[in-house]
Amino acid sequence: MSLTSVVAPSPAPRNVAALIGERLSLSALHQLGGTLGGYSFVKVVVDRENAVIHFLNDARHSFHAIYIGEEILGVPEERVRAEIDSYNQDFYHGPDRRFLLGILARHPQMLSLETVEVDTMPAELIREFHAFVARYVDPALPLLFKPANQLQERIVREIPPGELPRVFAHELFSTAPFVALNPGTATGRLRAFRTEAEYRAATLDWSDIIVMDRVPDDIPRLSGIVNARHTTPLSHTNVLATGWQIPNAVQLGALADIERRGLDGKWVEYTVDTQALTLREIDEPASAAPPSWYAQRVTLEEPESERSPIVNLARLRAADRYRYGTKAANLGELHHVLAHGSQRLLGFYQVPRPPRENLLPYLARLLDVPADADLHAAARRLLDDHVRVPRGIALPFSLQRRFLESSPRIQQAIGKLKMALELDAREIEPLCVELQSLIRSARMPGALAGEIDSALVSQLAGVQTFVVRSSSNAEDLAGFSAAGIYESLNHVTTAERIFASVKEVWASLVSVRSVRLRRQAGISLDECYMGVVIQEQVAADFGGVLVTTNPMNRADFRTVYVNVSPHVTDVVDGSALPMQYLYSTVEGGGRTVSLGDAAADLDEAAHAQLQRLAIAGRLLQGHFSPDYTFGSPVDVEWLADGDHLHLVQLRPYSV
């Protein structure tokens, strides 16, 4: 069929394999397509050789390549799958490719056309693809090309808008009506808060499902979260929701909808899946059964609080967490990997991904070495050239114990708090506040201050500014992430401020929120200790958080999610919306998901740094994996300058 011989629109029932060579009406798009994030979409194949367009039925054809093989080329599915890398090379990278592949999505005021993320389609083919598809879609809505990766974003910006109507992913994301942050189902009482003052004045219970524009970082453990404005899946609040395994989503207009339906204060069943969220009113139960997490008890490894030395972080290994805390031990392990390498670095890439025996050829391309090169050596070179861990020292649990035991008033307050916890007394919160105040105001014994000072002089002489970080044994656990509940302080300079900051970190172990959350998880105060990390504060151009998974699509093994901010604390505390990116650690390439509160995207050099960060994170995922599937993602806080990536924290990311 020629480009000009367009037949009249016709409906396409779900049992039709594809609509071929015909104009796609809006009703046919809905019938043929699937839905993602609330939008209807349909897969598109343009056969340039025969000048024919194919709109695929998503229910019958999950992959472009399989459809092309079976329906156009006459190649059995088994053979296409067995040779998938060869087909993908031709479909997505071939300079004279026969087929142009993409996705057509319907938005409220337009249609968007995009390729798959790995496609390296040049400007000429982008123009041709858009012009061809535009002839076969309903003209009632404008068709805009949506770049699928940062390479295409740069290409499209060089094309005049009058020649190629376009919309960028970050522009759509900022107006997306729905984003699934953590799928799941829960029942509970819906509590809608229009202001933070309303939230602060309320008393919340484990059975509550809260709805706010942006949920504050200090939430207690709840049954569900609805964000009525956009946020990042990597904020502390959303990391906690993932760890607690409660449904969590962004739904624009949620507050108005809840008011219209009269759901505030009502009991509902709340469900989040990849397509949408639903709130269904239910009868209030006579006696609400606690959620599954309420009965789960978190078990802590037995801590060691006898006298241990203050040590350089580089001397620690992961197994030292029982004396120095998880954060310090993981930083020590990072130092060890950078200094000595690890046979586990390639773990993620060695796992079979049928029909592929493994992903090692992809890693070779990412590392820019031949397929038969020593990939372990190449991986180490990437880490050696680009990754650093700031220098630092670790204060052991025993130092905290000695400090607490030095003050009879603190000991008395601890005894009162333990008794109140045992009796479930009303005085728990004021006792926590009192104990924190005593810890902050107590004099640091001369012997302890001397040990800290000596360690800083011998290990970190010349450092101008420090970061003082918490490192507890009651965090980063299965079922208890504790993200953001303990203190870390930046911009610390003098010895006096270092001692005060160390006490502030110790005091955070008995904050109202940390005591309450640990109590819900069955963690006794007697079991909890706090180590402290004192590190050099490095200068950086930008920083952020990386998780080696796609939180919005857990089945996507290829990509990792990166948040970026000029100030790393903005990323995790939710005070500013960061830039958000997806980077492939298989085929390579990135995608700008959201600009957040930034006025413009990062430059090409910064994008290259983020690609290196993504690969480094995937390699480190292999080393830190608790099993041999190498599929457990890690959460990394990082800073970047022009030459290096400075990793300041690494922990498991709960899925």
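**Two prolines, two cores and two positive phi values**

Me: Where does Pro355 lie in this predicted model?
Reply: Pro355 sits in the loop between helix 14 (347-350) and helix 15 (360-366).

Me: What makes the peptide bond from Pro354 to Pro355 cis or trans?
Reply: Look at omega. For Pro354 to Pro355 it is near 5°, and the bond is cis. Most peptide bonds are trans.

Me: Where is Asp368, and what is its phi?
Reply: Asp368 lies in the loop between helix 15 and helix 16 (375-386). Its phi is positive, about 60°, although Asp368 is not a glycine. Most residues other than glycine have a negative phi.

Me: Why is Asp368 called buried or exposed?
Reply: Compare its value with the cut-off. Exposed means over 50% relative accessible area. Asp368 has 71% relative accessibility, so it counts as exposed.

Me: What is phi of His491, and where is this residue found?
Reply: Phi of His491 is near 60°. That is a positive value in a residue other than glycine. His491 belongs to strand 19 (residues 488-492).

Me: How do you know whether His491 is buried or exposed?
Reply: Use the cut-off again. His491 has a relative accessible area of 60%, which is over 50%, so His491 is exposed.

Me: Which residues touch the most other members of the largest nonpolar core?
Reply: Ile452 and Ile534 do, in a core of 82 residues. Ile452 touches Ile310, Leu395, Leu399, Met444, Ile498, Phe499 and Ile534, leaving out residues up to four places away in sequence. A second, separate core has 55 residues, including Phe348, Ala379, Leu546 and Tyr583.

Me: What makes a residue count as buried, and what share of the protein does?
Reply: The relative accessible area must be under 20%. Of the 655 residues, 56% count as buried.

Me: How many helices and strands does the protein have?
Reply: There are 24 helices and 26 strands.

Me: Why is the protein called as compact as a globular protein of that length?
Reply: Set its radius of gyration against the globule rule. The radius is 27 Å, and the rule gives 26 Å for 655 residues. The two values are close, so the protein is as compact as a globular protein of that length.

Me: What does the C-alpha trace span along its principal axes?
Reply: It spans about 90 × 65 × 45 Å.

Me: What share of contacts join residues at least 24 apart in sequence?
Reply: Among contacts between residues at least 6 apart, the share is 64%.

Notes. Residues numbered from 1 in each chain as written. Predicted model: local features only at pLDDT ≥ 70, side-chain atom pairs only at ≥ 80, totals over all residues. Heavy atoms only, no water. Core = buried A, V, L, I, M, F, W, Y, C linked by side-chain atoms within 4.5 Å. Buried < 20%, exposed > 50% of the residue type's maximum accessible area, 1.4 Å probe, protein only. Contact = heavy atoms within 4.5 Å. Helix = DSSP H or I, 4+ residues; strand = E, 2+ residues; numbered from the N terminus. Rg over C-alpha atoms; globule rule 2.2 N^0.38 Å.
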